[in-house]
There are 2 protein chains.
Amino acid sequence: MSQATAIKVAPETAVSERDMANAIRALAMDSVQKANSGHPGMPMGMADVATVLFNRFITIDPSKPDWPDRDRFVLSAGHGSMLQYALHYLLGYPDMPISELQRFRQLGSRTAGHPEYGHALGIETTTGPLGQGISTAVGMALAERMLAARHGAGLVDHYTYVIAGDGCLQEGISHEAIDLAGHLKLNRLIVFWDDNSISIDGPTPLSTSMDQPERFAAAGWHVTPVDGHDMEAVAAAIEAARRSDRPSLIACKTVIGKGAPNLEGSEKTHGAPLGEAEIAATRENIGWAHAPFEVPDEILWSWREVAERGQLARLEWEQRLAASPRRAEFESAISSTLPAAVFEALAAFRKEHVEKATKVATRKASEMALGAINEATDMTVGGSADLTHSNLTITKGMTRIAPGDYAGRYIHYGIREHGMAAAMNGIALHGGFIPYGGTFLCFADYARGAMRLSALMGQRVIYVMTHDSIGLGEDGPTHQPIEHLAMLRATPNLNVFRPADIIETAECWELALRAKDRPSVLVLSRQNLPMLRQAHTDENLSARGGYVLRGPAGRRAVTLIATGSEVEVAVSAAERLHDQHGIAAAVVSMPSWELFEEQDPEYRRAVLGTAPRVAVEAAARLGWDRWIGDNGVFIGMTGFGASAPAPDLYRHFAITPEAVAEAARKLII
Amino acid sequence: MSQATAIKVAPETAVSERDMANAIRALAMDSVQKANSGHPGMPMGMADVATVLFNRFITIDPSKPDWPDRDRFVLSAGHGSMLQYALHYLLGYPDMPISELQRFRQLGSRTAGHPEYGHALGIETTTGPLGQGISTAVGMALAERMLAARHGAGLVDHYTYVIAGDGCLQEGISHEAIDLAGHLKLNRLIVFWDDNSISIDGPTPLSTSMDQPERFAAAGWHVTPVDGHDMEAVAAAIEAARRSDRPSLIACKTVIGKGAPNLEGSEKTHGAPLGEAEIAATRENIGWAHAPFEVPDEILWSWREVAERGQLARLEWEQRLAASPRRAEFESAISSTLPAAVFEALAAFRKEHVEKATKVATRKASEMALGAINEATDMTVGGSADLTHSNLTITKGMTRIAPGDYAGRYIHYGIREHGMAAAMNGIALHGGFIPYGGTFLCFADYARGAMRLSALMGQRVIYVMTHDSIGLGEDGPTHQPIEHLAMLRATPNLNVFRPADIIETAECWELALRAKDRPSVLVLSRQNLPMLRQAHTDENLSARGGYVLRGPAGRRAVTLIATGSEVEVAVSAAERLHDQHGIAAAVVSMPSWELFEEQDPEYRRAVLGTAPRVAVEAAARLGWDRWIGDNGVFIGMTGFGASAPAPDLYRHFAITPEAVAEAARKLII
């Protein structure tokens, strides 16, 4: 399969770590040159650090890349993807033969422009948008500690290593991640800063004067500055980091494009091929006499020894697992399969609250549903970006994660929406937990970068986003989402749920938990909403995305479509139409556009009907034309909100049963 | 108008600064109680600091709140809005009588839940989303230095003061802002940190261990920790800060809800009324014997003296301006009116490039148009989030802003999209400049929080967002926008321009510059695009939002609608339909949905036509149904992109003339 299998005999020539590093340099510059696209500077600059890290420390097994107790490696500076692909080839990952490096950045290759989770074995997370890798790694390092707290060091005992660049550390998200990691004393997290003093525009002093070591120290990190080309110094720093009781930054002073005699140290090596002449000069300069994409067997052999060391560790771990009394629990956690009790509890919950006709805000309904979920499984890990008692994300008996104490299951993420979203990605990617976290829907804005990666990576991360419209009232337009539903609905592979009442809330929670390869956003009201179902059904009606909540006895004259808190408005409008005008209106609740879109066209046509349609949602119109059609009417927001009590705002913006009924009446005249 | 005019005689009683501060406390707790909503804790905790700042230092004139050389005050912790409203009443802002405080958070009042720019005089920026205020203030402080560099200290010589809370400093955007301000040595920026150790979830040690003074020091700030209730210490710290050659943090140790005997120091004072009993106890505790909303004349008088000092300073400044040889230039800059030469240059540019049929990427066309604009005016201030030579935002002769040197007009914002957007808001709000800044369209995600505020505040901030689709190629799905156009188009009061060629690019730049009360996003291609106009028109065709670019001689059989780089695809499809099938297709270019939406319905109907429609855009479908109608077809992206050369991707995702022509053909059969 890969070239790995071709080496049968141990070579006799002594191979230095520098030779091993130069293999990375050569593969990186050759691949970028062949693609005529990519970033050689970073892989060449960090080749020495990466070689020491992998050769002496990292425990991974390319023959079983998803072994749970492996070390995690995150290339936060994702543009340097050739560093990772070169390593994967050298280490013998079975899906990374040399031919993949030769197809760097080409359609259908495993060697995408940036490392993409799921595109090649051993890529732990998708990186490229700067700062995401280091922030996701915080979630991984936290998950490691939490899993260790549950199952013991015999089964869970690994490190998370990160290579981050200047870009990662300039992005705001890094602040949120660093503060959280330092606070929680995530001592299994070790970050290498590729301190090459170069960014795309030129030398970093063009735009920053930050003393990064001091900054990390302020956040409670253990910091070691080293010469990133002094391999013994790097090794010593890693050893010190592994002994530390805090997360560690190893600030590696490096030369970007190291080895290229005329270009090293310049931004010109960052994002463009070196060119044939400079590549030839580099070969000469570093003493690499081999043809493009050729790595001598003895160097490959040295790299493969790293993989063998990892394989041995993995086999030992499997023996420990086989002998462990916790084996069943551990395997169940890692498999991410929820117990049936969760779904039984939710079904009972729905039945109970249809009977009781419970009227609560959907954020409260979410808390109540979570109470049932969290009692039936301990895989769920909750949190909030400092809005716990507004988002209602904590349930009875949940204890908090604290510095050095990882036995709990509730995370106070702080006022850090972006960091929370990235950390949840990391927790989900690590395995063993289903993370959910809360903020106001409006602050999805702050979390966008990481939420997009949840979707791109297909991770089961659940966003609990409350205060979902002008219904939040007095806090005003800065806190009232308008365009956010459109923003989320337009995002591929993301479930957006806006339930109308306590029953739909429980249904949407069930759907979010069942969506193993998709993140979900639960969009929830601040204000109380009546229970709208007329009878309990075993079927989860929200699973169809949209359904007829109220159908008139005979033929409909008009269809009213709504989501969330506006379904109550639509129901009330339908009653008004019937009582005052004798008009038969159907009400369609559409908690999830994505799931409705996935239904067969016949079902969709039956639900939408052939009568004229009016949609009502306290948000922007964008997207609604798909459901109301050419002659439909949309009742919603046309600009930003305002600061006032919620009922005043609904009246002010004319999102009322009266307005909906009037629009419907005019439409069918 | 306001109660200000009622005080005619100087009181004889001595008034202490503590009394002045207690007036803030009383007004804050009474207003929140009356509204039964709001945040009393912060105004009460920071009343002493605010009193010292305003009473002894700040130079503002409530009778002319927009006087250009006033100090700027930014309440970054915007939830403490009652601090600002109380101050405005006490200082005698003419639009802030006591009755406005009594209508706190009510519909139509000036006293919105969070300070809203434009809702009341003297509010310099909208805050509430945490971290925005401090980051916007960085732009203000930079604009002050830049304007001073151009016009001299006689006309421009003021400070920017910020009150920030724990939330502001935990948000990632604060990192970007602090790093940039420290780097640029913005010594007129003075930030008070309300260090009350409380956030919504509880004590801040629940989620942070950050040493904030050390963190700011690492970023090159001057830092002074003080007891925030020791007024002399606060004053000394402000004096030291004003002397510093760096931006300053004054870390004010405070007690949240200070004065409330049973609740002070607790998160319970943060976001809820204190309650009648605690308010009575607070009155007793702080020795405030006055009825709700009543402030004794002698205390009001003391506050009004602050306003008088400001008025005097403003009058002196007006004399200096009158006598200044730079008066005309200064007034022209402050008025924000662009010279006619800018628009003449753009008209000539369009004529020239229609004649030359210039084929360039629209990012390149933008650079060329900017060359003409920046030569005709120096009001434009450019920059990029470290993608200068990708966004093509710098033009000939632009020199950079550097630490201590503010004479240039190009800002290397660093890898800080969010910080850049907020800083641009601050530059625009400050006045004297029109800021534009670049990043990749995909990283609008990172800037969302501040972009929304550009729109909410109606500021002329111009976002240059290049690499606008899968057309960016090899960097792959993390860098390829899909949902971003929908996200931006759904945002109220934001112009989104996606020009198809060099001519539309120049037209869109003109429209962006003319939109004085709206931000604009220019969405630009990485790849080359042909010039599509068949003749020069004096009229700016993009001003209509959409127009018929190619109309068949006779009746249309089908209408193809596209934006940006896909207009070329549509034109090619139309030719194919004509040549191979004898089908008459019109091509509509729609560079701005917002402007098209604003046209009268007749114009829109004429452009869209009655023939079946096919839309093509290399992005998500969401929103397009409005333009294609019930029976239309959309050709675009249904999921995330991929890493490969751009032409391969267009073929792979079937966004081609062949696919469009085939869809059109099927539609009209």
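Is B:H418 buried or exposed? I looked this up at the start, and B:H418 counts as buried, at 7% relative accessibility. For this term I took buried as under 20% relative accessible area, exposed as over 50% and partly exposed as in between, with a 1.4 Å probe and protein chains only.

I noted that this is a predicted model, in which local features need pLDDT of at least 70, side-chain atom pairs count only at pLDDT 80 or more, and totals for chains, interfaces and linings use all residues. Residues are numbered from 1 along each chain as its sequence is written, chains are lettered from A and ligands numbered from 1 in the order in which they are written, and side-chain values use heavy atoms, with hydrogens and water left out.

**Entry: B:H418**

I located B:H418 in helix α16 of chain B, residues 417-430. Helices (H or I, at least four residues) and strands (E, at least two) are DSSP runs, numbered from the N terminus. I then listed the contacts of B:H418 (heavy atoms within 4.5 Å). With neighbours within four places in sequence left aside, its partners include A:Y446, B:Q132, B:E176 and B:Y446. B:Y446 is 28 residues from B:H418 in sequence, but the two C-alpha atoms are 5.7 Å apart in space.

**Entry: the interface**

I next turned to chain B and chain A. In this pair, 100 residues of chain B are in contact with 99 residues of chain A. The two chains bury about 8,200 Å² between them, with 57% of it on carbon and sulfur atoms. Buried area is the accessible area (1.4 Å probe) that two parts lose on being put together, summed over both.

I found ten salt bridges across this interface, where a salt bridge is a side-chain nitrogen of Lys or Arg within 4 Å of a carboxyl oxygen of Asp or Glu. I recorded the salt bridge between the side chains of B:E483 and A:R452, at 2.9 Å from N to O.

**Entry: the two copies**

I checked how the copies are related. A turn of 180° with a shift of 0.0 Å along the axis lays chain B on chain A with an RMSD of 0.0 Å; the fit is by least squares on the C-alpha atoms of residues with pLDDT of at least 70 in both. The two copies are therefore related as by a two-fold rotation axis. The same surface serves both, as 99% of the contact residues of chain B recur in chain A.

**Entry: positive phi**

I noted A:D386, which is not a glycine yet has a positive phi of about 65°. A:D386 is in the loop between β9 (380-384) and α15 (388-391) of chain A, and is buried, with a relative accessible area of 5%.
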